[in-house]
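Got the model open in your viewer? Here's a short tour, one selection at a time.

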Amino acid sequence: VISFTNVIGHCSHHEEWERALDFLHEMKQCNLQPSLQIINHVAAACANANQPVRALRIMELAEKKSLQLNLVSYQIQMTAYRRARNWAKAEEVFVALASKSLQPTI
């Protein structure tokens, strides 16, 4: 799993969203459960590559797996909504941070 985390993390920093999704799919084929960190990396790769819908679908995967979203998860969601120009949803995520006792960064 550590290798997948490193490789997918690299993809997220270089906007290689398709490769990140491929690695996520490969993990599933190997019966490995992605951690929140891996899901965050894949969603960030999509959001940073201007694929906001894909990024949000990946974040939905985390919620379906009952993973506890963290500050990074919410920041990725806000980025994706911002890129989709859905300001109202971005604001909803921002407000949700307060209800989760998470402090947004400036």
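Start by selecting Arg-19 and Glu-16, and show their side chains: the two meet in a salt bridge, 2.8 Å from N to O. Keep in mind as you look that this is a predicted model. Side chains of opposite charge can pair when their charged atoms come close.

Are these two partners buried or exposed? Neither word quite fits: Arg-19 counts as partly exposed at 41% relative accessibility, and Glu-16 also counts as partly exposed, at 25%. The cut-offs explain the label, because partly exposed covers what lies between under 20% (buried) and over 50% (exposed).

Stay with Arg-19 and colour helix H2, residues 17-29, which is where Arg-19 is found. Now add Val-7 and draw a distance between the C-alpha atoms: Arg-19 and Val-7 are twelve residues apart in sequence and 9.3 Å apart in space.

How many salt bridges does the count come to? Two. For the other one, select Lys-89 and Glu-92, whose side chains meet at 3.4 Å, N to O. Both residues lie in helix H6, residues 87-99, and they are three residues apart, about one turn of the helix. Lys-89 is partly exposed, with 31% relative accessibility, and Glu-92 is partly exposed too, with 47%.

Next stop, the loops. Pick Asn-31, which sits in the loop between H2 and helix H3 (36-48). Check the backbone there: phi is positive, about 60°, although Asn-31 is not a glycine. Asn-31 counts as exposed, at 68% relative accessibility.

Then move along to the loop between H3 and H4, where you'll find Asn-50. Its phi is near 60°, again a positive value in a residue other than glycine. With a relative accessible area of 48%, Asn-50 is partly exposed; that label applies because exposed means over 50%.

Now for a look inside. Select Met-59, which lies in helix H4, residues 52-64. How much of Met-59 is accessible, in relative terms? The value is 0%, so Met-59 is buried. To see what is around it, show the residues that Met-59 is in contact with, leaving aside neighbours within four places in sequence: Ile-39, Asn-40, Ala-43, Leu-69, Ser-73, Ile-76 and Gln-77. One more distance to draw here runs from Met-59 to Tyr-74: they are 15 residues apart along the chain, and their C-alpha atoms are separated by 9.0 Å.

Finally, clear your selections and zoom out to the whole chain. In cartoon view you can pick out six helices and zero strands, so the run from the N terminus on reads α-α-α-α-α-α. The radius of gyration is 13 Å, close to the 13 Å that the globule rule gives for 106 residues, so the chain is as compact as a globular protein of that length. Its C-alpha atoms fill a box of roughly 35 × 25 × 20 Å along the principal axes.

Switch on a surface to finish. The protein chain exposes about 6,500 Å², and carbon and sulfur atoms supply 50% of that. Of the 106 residues, 41% count as buried. Among contacts between residues at least 6 apart in sequence, 57% join residues at least 24 apart. Last of all, colour by charge: there are 11 positive and 9 negative side chains, and the centres of the two sets lie 3 Å apart.

Methods
Residues are numbered from 1 along each chain as its sequence is written. This is a predicted model: local features need pLDDT of at least 70, side-chain atom pairs count only at pLDDT 80 or more; totals for chains, interfaces and linings use all residues. Side-chain values use heavy atoms; hydrogens and water are left out. Helices (H or I, at least four residues) and strands (E, at least two) are DSSP runs, numbered from the N terminus. The radius of gyration is taken over C-alpha atoms; the globule rule is 2.2 Å times the number of residues to the power 0.38. Buried means under 20% relative accessible area, exposed over 50%, partly exposed in between (1.4 Å probe, protein chains only). Contact means heavy atoms within 4.5 Å. Accessible areas come from the Shrake-Rupley method with a 1.4 Å probe; for residues, only the protein chains shown count as cover. Lys and Arg count as positive and Asp and Glu as negative; His and the chain ends are not counted. The place of a charge is taken as NZ of Lys, CZ of Arg, CG of Asp or CD of Glu. A salt bridge is a side-chain nitrogen of Lys or Arg within 4 Å of a carboxyl oxygen of Asp or Glu.
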